Amino acid sequence: MADESSKEQLRLFVAIPVPEAVRGESAVAQRELQPLAPRGVVRWTKLEQMHLTLKFLGAVPPDRVEDLKESV
């Protein structure tokens, strides 16, 4: 039987943060759009978590993280 820790995967992506000014404008847009979307249909992103995903890496074993950091 395989060791449980060997099955552990991290959901990783390469991203850059969104500038503060863009987050501010996004907050305005979200406030305007939220009343228009049916409740529970849209999951709104918290402003402090906004980023631009450059590449989704998917499920990655934890022992690969350092190599990926170095590569990026």
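Helices here are DSSP runs of H or I with at least four residues, and strands are E runs of at least two, both numbered from the N terminus. With that in hand we can start at Arg23, which lies in helix H1. One thing to keep in mind as we go is that the model is predicted.

Let's take helix H1 as a whole before returning to Arg23. Helix H1 has 14 residues, and the distance from its first C-alpha to its last is 20 Å. That is close to the 20 Å expected at 1.5 Å a residue. Which residues of H1 are buried? They are Arg23, Ala27 and Gln30. These residues cover an arc of only 70° around the axis, so they sit on the same side of H1. Turn to the other side of H1 and you find Ala21, Glu25 and Glu32, which are exposed. As you rotate the model, these two groups of residues are handy markers for the two sides of H1.

Now back to Arg23. Its relative accessible area is 19%, and because buried means under 20%, Arg23 falls in the buried class. What does Arg23 touch, once residues up to four places away in sequence are not counted? The answer is Val18, Leu47 and Met50. Arg23 also has a partner within its own helix: it forms a salt bridge with Glu20, and the closest N and O atoms are 2.3 Å apart. Why are these two separated by about one helical turn? Arg23 and Glu20 are 3 residues apart in helix H1, which spans residues 20-33, and this is why about one helical turn lies between them. The two partners differ in their accessibility: Arg23 is buried, with a relative accessible area of 19%, while Glu20 is exposed at 55%.

Further along H1 comes Gln30. With 15% relative accessibility, Gln30 counts as buried. If its neighbours within four places in sequence are left aside, Gln30 is in contact with Trp44, Thr45 and Met50. Met50 is therefore a contact of Gln30 as well as of Arg23, given that contact means heavy atoms within 4.5 Å.

Leu33 also belongs to helix H1, but its surroundings take us to the surface. Is Leu33 buried or partly exposed? At 44% relative accessibility, Leu33 counts as partly exposed. Leu33 joins Leu36, Val41, Val42 and Trp44 in a nonpolar patch on the surface. Together these residues have about 480 Å² of accessible area. Trp44 links this patch to the previous paragraph, since Trp44 is part of the patch and is also in contact with Gln30.

The strands come next, beginning with S1, which covers residues 10-17. Leu10 has its place in this strand and is partly exposed, with a relative accessible area of 30%. Not counting residues up to four places away in sequence, Leu10 touches Gly58, Ala59, Val60, Pro62 and Val65. For a sense of scale, Leu10 and Ala29 are 19 residues apart in sequence and 31 Å apart in space, C-alpha to C-alpha.

Val14 is also in strand S1. The C-alpha atoms of Val14 and Phe56 are separated by 6.4 Å, although the two residues are 42 residues apart along the chain. Setting aside neighbours within four places in sequence, the contacts of Val14 are Leu52, Thr53, Leu54, Lys55, Leu57 and Val72.

Leu52, one of those contacts of Val14, lets us look back from the other partner. Leu52 lies in strand S2, residues 51-60, and counts as partly exposed at 47% relative accessibility. Beyond its neighbours within four places in sequence, Leu52 is in contact with Val14, Ala15, Ile16 and Val18. Between Leu52 and Ile16 the C-alpha to C-alpha distance is 5.4 Å, while the separation in sequence is 36 residues.

How many salt bridges does the structure hold? There are 2, and we have already met the one between Arg23 and Glu20. In the other, Lys69 pairs with Glu66, the closest N and O atoms being 3.5 Å apart. Lys69 and Glu66 are 3 residues apart in helix H2 (residues 65-71), so about one helical turn separates them. In this pair, Lys69 and Glu66 are both exposed, whereas in the H1 pair Arg23 is buried and Glu20 is exposed.

Conventions: Residues numbered from 1 in each chain as written. Predicted model: local features only at pLDDT ≥ 70, side-chain atom pairs only at ≥ 80, totals over all residues. Heavy atoms only, no water. Buried < 20%, exposed > 50% of the residue type's maximum accessible area, 1.4 Å probe, protein only. Salt bridge = Lys/Arg side-chain N within 4 Å of Asp/Glu carboxyl O. Expected span 1.5 Å × (residues − 1). Arc of directions from axis to C-beta. Patch = residues over 30% accessible without salt bridge, like charges linked within 9 Å, V, L, I, M, F, W, Y side chains within 5 Å. Areas by Shrake-Rupley, 256 points an atom, 1.4 Å probe, with all protein chains shown as cover.
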